[in-house]
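Colleague: I've got a bit of time before my next gel. Could you walk me through this model?

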Amino acid sequence: MAQPDQIEVRGTLVPQKELAGFTWLRVGGPADWFFMPADADDLAQFLAALDPDVPVFPMGVGSNLIVRDGGIRGVVIRLGRGFNGIEIEDQKVTAGVAALDAHVARKAADAGVDLTFLRTIPGAIGGAVRMNAGCYGLYVADVFVEAEAITREGERVTLTADELNFQYRQTDLPDGWIIINATLEGPTGDPADLTARMDAQLAKRDETQPTKDRTAGSTFRNPAGFSSTGKADDSHELKAWKVIEDAGMRGATRGGAQMNPMHANFLTNTGGASAEDLEGLGEEVRKKVYEHSGIELQWEIMRVGEPADK
């Protein structure tokens, strides 16, 4: 088995690549190695040859991610242009892992397929599948047919919904496995009506969310419902922004990080924030919410890598 620099690739493989520029929050240290494969075969051959003790981390467009200031050990694998195709047949849409959710929604609508819920979800299809992304009462799990992935050993496999075991904002994708495409199936609709619906969704989002600020989408998952006695109660739907606001943390700051004044569940880099600022503020919010309501917020943003050396 080989180390990264001993493997011949057709894509791009570089050491000590700074990752901040690849995340929406613009923070994070370097990856030991950064690999952008040319295509699925290039990825499979690289993984098959790579020493199994070397960790790999698949990275999408960095829309829902904090890379810690010390960076990531091992190999960060980012799938780019060779993985962003979109093919439509009848009601089935097969999209490469790097295809943006918004682009998939638009292309599907043009073909009369209703995947409009994807239009306002930040990021790409790979992350949407991995995190079972959703809004407007629909989730990827509701439209999922199958996905193709490359295993850590370099084998190409097809994944069913049962194998991914979709749950709220998560799946059971094995560590080191990298999704390369997904097939989704939506109901039919009139293209003009679908486009109008997406335009309305965008307008509503821009009215209620800080779309012009440097955020990573929703910071925390919506908590399970609680009754007035504090016991879990699924009939009481709570929103993360509401419990954050009730705990007095809307607009709270730490360094260059802020819980956005427009929407309290959007962690924001106001300029010059470090990953430590952002994650530290998030943990402060979790503590304050727990002290105020007994609710333990769960991160929706993925945090990876090592802290900076002191």
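Colleague: Let's begin with glutamine 16. Which strand is glutamine 16 in?

Modeller: Bear in mind that this is a predicted model. Glutamine 16 has a phi near 50°, a positive value in a residue other than glycine. Its relative accessibility is 49%, so glutamine 16 counts as partly exposed. As for its place, residues 12–18 make up the strand, and that is β1.

Colleague: And tyrosine 136, where is that one found?

Modeller: Tyrosine 136 isn't a glycine either, yet its phi is positive, about 55°. With a relative accessible area of 43%, tyrosine 136 is partly exposed. You'll find it in the loop between β8 (134–135) and β9 (138–139).

Colleague: Now the open sheet. In what order do its five strands come?

Modeller: Start with the edges: β6 (86–89) and β11 (156–159) each pair on one side only. Further in, β7 and β12 pair over five bridges in the antiparallel sense, and six bridges join β12 (residues 178–185) to β10 (residues 144–150), again antiparallel. Put together, the order is β6-β7-β12-β10-β11.

Colleague: Which residue is the bridge partner of threonine 94 in β12?

Modeller: Two pairings involve β12 here. On the β10 side, alanine 149 stands opposite isoleucine 179 of β12. For threonine 94, the bridge partner in β12 is threonine 183.

Colleague: How many of the eight residues of β12 are buried?

Modeller: Buried here means under 20% relative accessible area. β12 is largely enclosed by the rest of the structure, because the number of its eight residues that are buried is seven.

Colleague: Which strands does α2 touch when it packs on the sheet?

Modeller: The sheet's neighbouring strands are turned by 15° against each other on average, direction ignored. The direction of α2 makes about 30° with that of β6. The strands α2 touches are β6 and β7 (92–96).

Colleague: α2 also packs with α6. Is α2 roughly parallel or antiparallel to α6?

Modeller: The axes of α2 (residues 101–110) and α6 (residues 191–208) are 8 Å apart, at an angle of about 155°. Angles over 145 degrees count as roughly antiparallel. So α2 against α6 is roughly antiparallel.

Colleague: How many nonpolar residues does that contact of α2 with α6 have?

Modeller: From α2 come Ala105, Arg106, Ala109 and Asp110, while α6 brings Pro191, Leu194 and Met198. Two residues of the contact are charged and no polar ones take part, and the nonpolar count is five.

Colleague: What about the largest nonpolar core: which of its 53 residues touch the most other members?

Modeller: Take leucine 115, one of those residues. Setting aside neighbours within four places in sequence, leucine 115 is in contact with Val93, Val104, Ala105, Ala108, Val143, Leu184, Glu185 and Gly186. There is also a second, separate core of 25 residues, which includes Ala216, Ile244, Met249 and Trp299. In the largest core, the residues you're after are Phe46, Ile77, Val104, Leu115, Leu118 and Val129.

Colleague: Last one, glutamate 279: is it buried or exposed?

Modeller: Glutamate 279 sits in helix α8 (residues 275–293). Beyond its neighbours within four places in sequence, glutamate 279 is in contact with Ile66, Arg68, Trp299 and Arg303. Its relative accessible area is 15%, and the cut-off is under 20%. So glutamate 279 is buried.

Definitions and conventions:
Residues are numbered from 1 along each chain as its sequence is written. This is a predicted model: local features need pLDDT of at least 70, side-chain atom pairs count only at pLDDT 80 or more; totals for chains, interfaces and linings use all residues. Side-chain values use heavy atoms; hydrogens and water are left out. Axes are lines fitted to C-alpha atoms, for helices over the stretch in contact, and angles run from 0 to 180 degrees between N-to-C directions. Helices (H or I, at least four residues) and strands (E, at least two) are DSSP runs, numbered from the N terminus. Angles under 35 degrees count as roughly parallel, over 145 as roughly antiparallel, 65 to 115 as roughly perpendicular and the rest as oblique. Contact means heavy atoms within 4.5 Å. Ala, Val, Leu, Ile, Met, Phe, Trp, Tyr, Cys and Pro count as nonpolar, Asp, Glu, Lys and Arg as charged, and the others, Gly among them, as polar. Two strands pair if DSSP finds at least two bridges between them. A nonpolar core is a set of buried Ala, Val, Leu, Ile, Met, Phe, Trp, Tyr and Cys residues joined through side-chain atoms within 4.5 Å. Buried means under 20% relative accessible area, exposed over 50%, partly exposed in between (1.4 Å probe, protein chains only).
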